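Student: I would like a close look at one part of this model, the way helices pack against one another, together with whatever context is needed to read that part with care. Please take it slowly and give the cut-offs behind the terms.

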Amino acid sequence: MTALRQAAEVVDPVPGAGAPHLPQQPDLIQLLTPEGERVEHPDYSLDISDDELRGLYRDLALVRRWDVEATALQRQGELGIWASLLGQEAAQVGAGRALRADDMAFPTYREHGVAWTRGVDPLQVMGLFRGVDNGGWDPAALGFNLYTIVIGAQCLHATGYAMGVQRDGAESAVLAFLGDGATSQGEVNEAMIFAASFAAPVVFFCQNNQYAISVPIERQARVPLFKRAAGFGFPGVRVDGNDVLAVLAVTRAALQAAREGQGPTFIEAFTYRMGAHTTSDDPTRYRLASELEEWKLRDPIARLKAHLSRSGIADAAFFDSVDAEGDELAARIRQGTVEMPDPEPTEMFDHVFAEQTPELAAQRAEFVEYHASFEGEK
Amino acid sequence: MTTSATLRQFKLPDVGEGLTEGEILQWLVAVGDTVTVNQPLCEVETAKAAVELPSPYAGTVTELLFEAGTMVDVGTPIITIDTSGGSVPAAAAAPPDAAQDAEPAAGLIGGPAPGGRTSVLVGYGPRNTEARRRPRRAEAPAEPEPMATRADHPPLLITAPDAETKPVRHGGLEVGRQAEAHALRGDAAPADGAPHGRGRLRPLAKPPVRKYAKDLGVDLSALTGSGPGGVITRADVDAAASGSASDLALRGTVGTGSPSPAGGEQRIPIRGVRKHTAAAMVASAFTAPHVTEFLTIDVTRMMKLRARLAARPELAGMKISPLLFVAKALLLAARRHPMVNSSWDEAAQEIVVKDYVNLGIAAATPRGLVVPNVKDAGRMSLAELAGALAQLTETARAGKTAPEDMAGGTITITNVGVFGVDTGTPILNPGESAILAFGAIREMPWVHKGKIRPRQVTQLALSFDHRIIDGELGSRFLADIGALLSDPGSALAF
């Protein structure tokens, strides 16, 4: 009996590739059903005003509109690549809005929704994907680190930062973002071990979007991801990543626990990447249309819209105004991106150190000379 | 409509990372259609994915520049749109959106699109049908040979050779569809039998020089670099572009100045086909079936003689090198076996036996390998030969070997010993029938007069053209050289 239960638990297939049945998922924290019905959870309550609810909807809609425009701009040759967040808006906006101003977030390269909530200008993110800079925002001022392309590396940065916060005696928390694929990375596991050992005020926020590029989650995790946290010695929870309210409530609680010295928490935001891994990817080669159809029914924006409409918190005029604002945002992003000037090649030497070193100055001079050799006689 | 046309062209973008081309699968708009920003214009398949391209302009389609089914290079205009009458606001939200939908759950993403696909906002989405491979374009074979049978033409990348799947590549090297098709066809080797393109080293040149060469249409692989380590410089490219280096490339080297006719030969510059010519030269080296034989000899006596000779007044100031002895021994042995000093005339179906020996010496120079020769070395005294070798070496090291110094060789010595190696299997200098490799001289345990003694030992390797020279002749020739070097006194018998 016990053995049978354990076996069943171990091979518990994480839904994704097959037929996912979200409502039947054990331990899935939900405050808003896919149908837009507000439900309560015994451990996570959320006291939220109508204004805040409308604000969350606006965040979700604008972030998606931005993402749509960025994907189009890549297809028009204006961006080198784009990593779409389509379908993961609620996980990102919910987590981002759970942060306090003095908290610090460490993103991957897909956290456009979090960037939005931290006040990063979308054009600064676009500059990164256009290849004109490495992300021009001020991480310290915004509490949002630069994008990390290396899979999982930001978890070490976040843990180190959190240990610093601890030593400063500050009362802020750190939110480390990662994907399901990153959980297989060594540095992520190292970061979790350190975080646990030092009870660092860091929350690991894993967006399980079911695919590590093309590898489905069940290929790399034989247990639900949130259960891994127990092995490191801190709590793990699985939240409906397409439920912005649940994500907000769970992340808030985890960050507060971190601030209070209770150590790290692992949050598995169970969601789905509706688009491609990046614009260089073709998901039709490794997943079926039927799977996407299932997830469309759990669209994060649709359920909040249904809730707002049904409960009378927002009317058609509100939704129209958000749409109009989205188009304005898209137009601004389009124009700003297309008109973005190419940087001077020597700019890459300018921000390596606060003060230029002689070695770097020599390299810069050499580089200038090298570039000059492309034209005219040597 | 009296407004003047403002025509904008949309160039095929690189929709992946580092793609070079894409195939237009189908047009989703026609000439005369009004399009909005981000409205899908066409479906394009690249080596990575099939994607829809959204319009960057609002306006009227005036021209489709390629038909569906055409492979187009990235950066080529594919459609012309007249934006003058465009009343459509820029950045209108083209993709289907749930906003206006009464049933949010159903409307956010979805809606039928051509090709059995589902619109996923912008771009492409999963098919409603099972994944199926698109037919390849007509040029590619319908049934590519299995990879395993084409070991001689390995693919650039391990791409999917079977009909059911296509490669999914994320990041890393992307060689594009043409290269893939190329690999699948297995036709990478040029038809003229030149060596396989991938087997050759990429010529060394800095990026600015590469670009310069590309701009001038100069093929770097046909050049020999004069820079440090054989790097091709801007000056080399200039020389090649002006044509002065073209016929020099034929002999695998770069000389200074323009070549002049030598020895009554007519030199016809071959322009524009340097690559083929150079490749053909390499191929010709493989036309002659090579045999290589080896001989290890005790040269202690030769080294002792060398010390005595150096003290003689007529050789004072001369460099009496081991190479000089090897050269002399080869000349003496060649006199006894004239057939080794010959060439194969395929056209005339004749073997040309020469009564003169132009002795080639393979020399490593800063500009690479050159093989100048000592003209009529067979008639030279030891002192003359020493002088000629010294001069030849000095000229080669200075990089001043003239083309005529490299022409007309009849037999060659390659002194691999100077690099500290024991032996090798030398490849014939084209047009010659034999080449001798001379290894390092080492103090080795050797049975001398019945006892193991430390002796100075070296190895000889002789490669010869088996069409002309049989094993017997080659063996006798090599044995004679060995005998002369291990017992220099036996030269009196020659």
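Tutor: What follows begins with confidence and the chains as wholes, then turns to the helix packing and ends with a few single residues.

This is a predicted model, in which local features need pLDDT of at least 70, side-chain atom pairs count only at pLDDT 80 or more, and totals for chains, interfaces and linings use all residues. Residues are numbered from 1 along each chain as its sequence is written, chains are lettered from A and ligands numbered from 1 in the order in which they are written, and side-chain values use heavy atoms, with hydrogens and water left out.

The model scores ipTM 0.75 and pTM 0.55. For chain B the mean pLDDT (the predictor's confidence in each residue, from 0 to 100) is 73, and 66% of the residues of chain B reach 70 or more. Over residues 86-199 of chain B the pLDDT is below 50, and this stretch has 220 contacts in the model (a contact means heavy atoms within 4.5 Å) beyond near neighbours in sequence. Residues 244-262 of chain B also stay under 50 in pLDDT, with 40 contacts beyond four places in sequence. Where pLDDT is low, the predicted coordinates should not be read in detail.

Helices (H or I, at least four residues) and strands (E, at least two) are DSSP runs, numbered from the N terminus. By that count chain A has 15 helices and eight strands, while chain B has eleven helices and 20 strands. Burial is judged by relative accessible area, with buried meaning under 20%, exposed over 50% and partly exposed in between (1.4 Å probe, protein chains only). Of the 378 residues of chain A, 56% count as buried; of the 494 residues of chain B, 45% do. Among contacts in chain A between residues at least 6 apart in sequence, 75% join residues at least 24 apart, and for chain B the share of contacts with a separation of 6 or more that lies at 24 or more positions is 61%.

Two packed helices are described by the angle between their axes and the distance between the axes. The axes here are lines fitted to C-alpha atoms, for helices over the stretch in contact, and the angles run from 0 to 180 degrees between N-to-C directions. Angles under 35 degrees count as roughly parallel, over 145 as roughly antiparallel, 65 to 115 as roughly perpendicular and the rest as oblique. A crossing is left-handed if the near helix is turned anticlockwise from the far one by less than a right angle, and right-handed if clockwise.

In chain B, the axes of helix α8 (residues 322-336) and helix α11 (residues 471-486) come within 9 Å and cross at roughly 135 degrees, which makes α8(B) oblique to α11(B). The crossing of these two helices is right-handed, and the residues that make the contact include B:Phe325, B:Val326, B:Ala329 and B:Leu330 of α8(B), with B:Phe477, B:Ile481 and B:Leu484 among those of α11(B). Helix α8(B) also packs with helix α9 (residues 382-397) of chain B, the axes coming within 10 Å and crossing at roughly 125 degrees, so that α8(B) and α9(B) are oblique to each other. This crossing, too, is right-handed; in it B:Leu324, B:Ala327, B:Lys328 and B:Leu331 of α8(B) meet B:Leu382, B:Leu385, B:Ala386 and B:Leu389 of α9(B).

In chain A, helix α2 (residues 50-75) and helix α13 (residues 300-310) have axes that come within 10 Å and cross at roughly 150 degrees, and the crossing is left-handed. Residues in this contact include A:Leu53, A:Tyr57 and A:Leu60 of α2(A) and A:Ile301, A:Leu304 and A:Leu308 of α13(A). Helix α3 (residues 89-98) of chain A is mostly covered, with nine of its ten residues buried, among them A:Glu89, A:Gln92 and A:Val93.

Three loop residues complete the picture. A:Ile213, in the loop between β5 (211-212) and β6 (215-216) of chain A, has a positive phi of about 55 degrees although it is not a glycine, and is partly exposed, with a relative accessible area of 26%. B:Gln349, in the loop between β12 (342-345) and β13 (350-353) of chain B, likewise has a positive phi near 55 degrees, and B:Gln349 is exposed at 58% relative accessible area. A:Asp350 lies in the loop between α14 (316-338) and α15 (358-372) of chain A and, at 35% relative accessibility, counts as partly exposed.
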